[in-house]
Amino acid sequence: MSGAGTTDERPPAPHTADSHEVIRVHGARENNLKDVSIDIPKRRLTVFTGVSGSGKSSLVFGTIAAESQRLINETYSAFVQGFMPTLARPEVDVLEGLTTAIIVDQQRMGSDPRSTVGTATDAGAMLRVLFSRLGQPHIGPPGAFAFNVPSVRASGAITVERGGKKTQKATFTRTGGMCPRCEGRGTVTDIDLAQLYDDSKSIAGGAFTIPGWKSDSWWTVRLYAESGFLDPDKPIRDFTEREMRDFLHHEPVKVKVQGVNLTYEGLIPKIRKSFLAKDREAMQPHIRAFVDRAVTFTACPECGGTRLSEAARSSRVAGLNIADCSAMQISDLAEWVRGLDEPGLAPLLTALERTLDSFTEIGLGYLSLDRPAGTLSGGEAQRVKMVRHLGSALTDVTYVFDEPTIGLHPHDIQRMNDLLLRLRDKGNTVLVVEHKPETIAIADHVVDLGPGAGTAGGTVCFEGTVEELRSGGTLTGRHLDDRAALKPSVRKPAGVLEVRGAGANNLRDVDVDIPLGVLCVVTGVAGSGKSSLIHGSVVAGSAAADHGVVAVDQSAIRGSRRSNPATYTGLLDPVRKAFAKANGVKPALFSANSEGACPNCNGAGVIYTDLAMMAGVATVCEECEGKRFQAHVLEYRLGGRDISEVLAMPVTEAAEFFGSGEARTPAAHRVLQRLEQVGLGYLGLGQPLTTLSGGERQRLKLATHMGEKGGVYVLDEPTTGLHLADVEHLLGLLDRLVDSGKSVIVIEHHQAVMAHADWIIDLGPGAGHDGGRVVFEGTPADLVASRSTLTGEHLAAYVGG
């Protein structure tokens, strides 16, 4: 019995299920990745760094997250998959240990006028349920408070075939909250007739001032002149009441004009169909300018811009209707909900409180639920998407973030870091693509891609801890502790741009003088009113035309997979003309969207095969071998190169090619120089726009605008997507713009840009109704010395002041 007290001290063997501790990637070749193989630890926070275009997004989003989503989609039945987007398998040999990926990216939310912060989250739905239960007078179910639901009434007879046929009368009603006048949009459009025609002239005498309406056009001017409804030789101001009604509002009707059948309709419905039904961003610049002049958007006079019917506005809870609640700042709405004492609705109120508090927690307490989703910045949209995940009970999933600190003041970055760590501590794998050193510092594991961008990147330069990164010798490691110094002397303003009484959004009657001829940085916490001041008063203000304001904002570049830097910047026009002149043929031959296109792939270079419910496949066109052009077009050369070889060149090589020798083309060379100046020298001329990162797109837009004749450049967070090493390059570019005689106004949170400024305008002190005031104007040195604002404190800590 002596051995009875002894125990085996050996630890139990680990369970086989606990051995899957990494996401294993082997042989990833998506976009510019060069056979990348890597093990990413699970249930840890891994940050992916590297210069813009080094392959971070290709690895994280294009490979890991894309394959996770594709595999999840395959678990659905073939019938369900038929209704889902088809996802191709990424170019990778092995992917093991994947978990469900939840992507929280910077994609802008839909710009549909009925999409708001409330509809994009669960907050709006919960608020509608609250009002349907407690609202007095009671008007109906939650749909009665929804501006997306119209009221419907119907009656008639239905026949029920059950045993013997039986006909019975039926009525159907549904109470919706949609305002019938504006159909839930909150605004109504009004057309300024003075922009459509000159009423002192006759139709035959050239009254129409609409772009593209030529006097010999059968579909426009001749149709009105020869329709028989109007006197073409009478001045429009002399039309009778009936003629005016027929001219402006006549319903569509068939007419014969010189033996040809055409459709005649009033001018206003015709303009609505031909101009207003189209996407404004897709219009040619002169058409867009006409629409902006001719169409005015005003708040709906019936609902006051609330989008809701009179009945929905009449029902109140604790003295407020649902429109009042939706217009409140979310942090205030949370307090109002907390003050409701309704034990019967305790679970609903608790859930609504938690959701509203989540907004405040991630620095979005200044928004309101009725804020249109399309007006949110990329960073705001990403954080709104985070709201639904913060209270989630899910664990062991992979959260994938794309630069979550974009648009955040240094004061708010700590808050975002806490949220990322909270998600990790719940047992999730958190993958973050990021450039900010504050977020890189909290990583458990760092993966640095590079060493360069484009074809010079696509390899893993380093993986390990943050401390190991500092001594690792990579570009990111060397620049991790970079700090810009305050300038010893600042430029003197050459004048001022006066802003008086600015009151857009949360601005409180702001008066400020923005200096010209210098680098002026506008800063402040997210939601303090920076964009409202600059875009609302400077870009859209009356002074914009006088000073030649050119705005480069964060709106997405529109373009299909056929669009590329050469087409977007206008570079392809002089290149096509140079090829045509050198070979004595038409320029259209050198367009992959026109006569020169390969007939097999229609100039796409690849053939997309739709496999119905299975993932579609893209294969390189066998006829043109991916070159996009017909074989005979590739026989024409310029400087010894054909058009496909030119489009395959990176910007730097193309700048040398078009800068001298037989291929010298000054117009093309100027565009290429601007692309080099913004740090896009590595970009391929024919690389599809859909493959560019967010930072690359913004710099491409900046390069395009640099060719415009403007005196004042307004840049909205130009450091977005920029690596630490590239920020210095950007500061040099801003200096060159100012030294060339331009005025540069930058909305920015990055301390390096603030330190480099000649003048700082700081808004605050807080966000929403706690902001909207100018709390500091002066030089960066004065801001550091006074430390009177949040920005001042963070800038002083950054420069070591």
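This passage walks through a small sheet, a helix, two nonpolar cores and some unusual backbone spots in a predicted model.

A good place to start is an open sheet of three strands, arranged in the order β2-β1-β4 with antiparallel pairing. Strands β2 (36-41) and β4 (94-96) each have a single partner strand and stand at the edges, so one side of each is left without a neighbour in the sheet. On average, neighbouring strands here are turned by 5° against each other, direction ignored. In general, strands of a sheet pair through backbone hydrogen bonds, either parallel or antiparallel. In this sheet, β1 (residues 22-28) and β2 run antiparallel and are joined by five bridges. Along this pairing, V22 stands opposite P41 in β2.

Beyond β2, the chain enters the loop between β2 and β3 (45-49), where R43 lies. Although R43 is not a glycine, its phi is positive, at about 55°. With a relative accessibility of 25%, R43 counts as partly exposed. A second residue of this kind is A318, also not a glycine, with a positive phi of about 50°. A318 sits in the loop between β12 (316-317) and β13 (320-321), and its relative accessible area of 58% makes it exposed.

The interior can be explored through the nonpolar cores. The largest of these has 70 residues, and I643, F658, L672 and L685 have the most contacts inside it. Helix α26 (residues 724-739) supplies the largest share of this core, seven residues. Leaving aside neighbours within four places in sequence, F658 is in contact with several residues, including V575, L638, V646, A668 and L672. Another core, of 66 residues, lies apart from it; F145, C325, L333 and L349 are among its members.

Helix α29 (residues 790-799) offers a clear view of how a helix can be buried along one face. Its buried residues are T791, G792, L795, A796 and Y798. Seen down the axis of α29, these residues fall within an arc of 160°, so they line one face of the helix. Their cover includes β20 (519-524), α27 (751-756), β26 (759-764) and α28 (780-786). Just after α29, G800 takes a positive phi of about 75°.

Two cis peptide bonds complete the tour. One joins G450 and P451, with omega about 0°, and P451 is placed in the loop between β16 (445-450) and β17 (459-464). The other joins G764 and P765, again with omega about 0°; P765 lies in the loop between β26 and β27 (773-778).

Notes: Residues are numbered from 1 along each chain as its sequence is written. This is a predicted model: local features need pLDDT of at least 70, side-chain atom pairs count only at pLDDT 80 or more; totals for chains, interfaces and linings use all residues. Side-chain values use heavy atoms; hydrogens and water are left out. Two strands pair if DSSP finds at least two bridges between them. Helices (H or I, at least four residues) and strands (E, at least two) are DSSP runs, numbered from the N terminus. Axes are lines fitted to C-alpha atoms, for helices over the stretch in contact, and angles run from 0 to 180 degrees between N-to-C directions. Buried means under 20% relative accessible area, exposed over 50%, partly exposed in between (1.4 Å probe, protein chains only). The arc is that of the directions from the helix axis to the C-beta atoms. Contact means heavy atoms within 4.5 Å. A nonpolar core is a set of buried Ala, Val, Leu, Ile, Met, Phe, Trp, Tyr and Cys residues joined through side-chain atoms within 4.5 Å.
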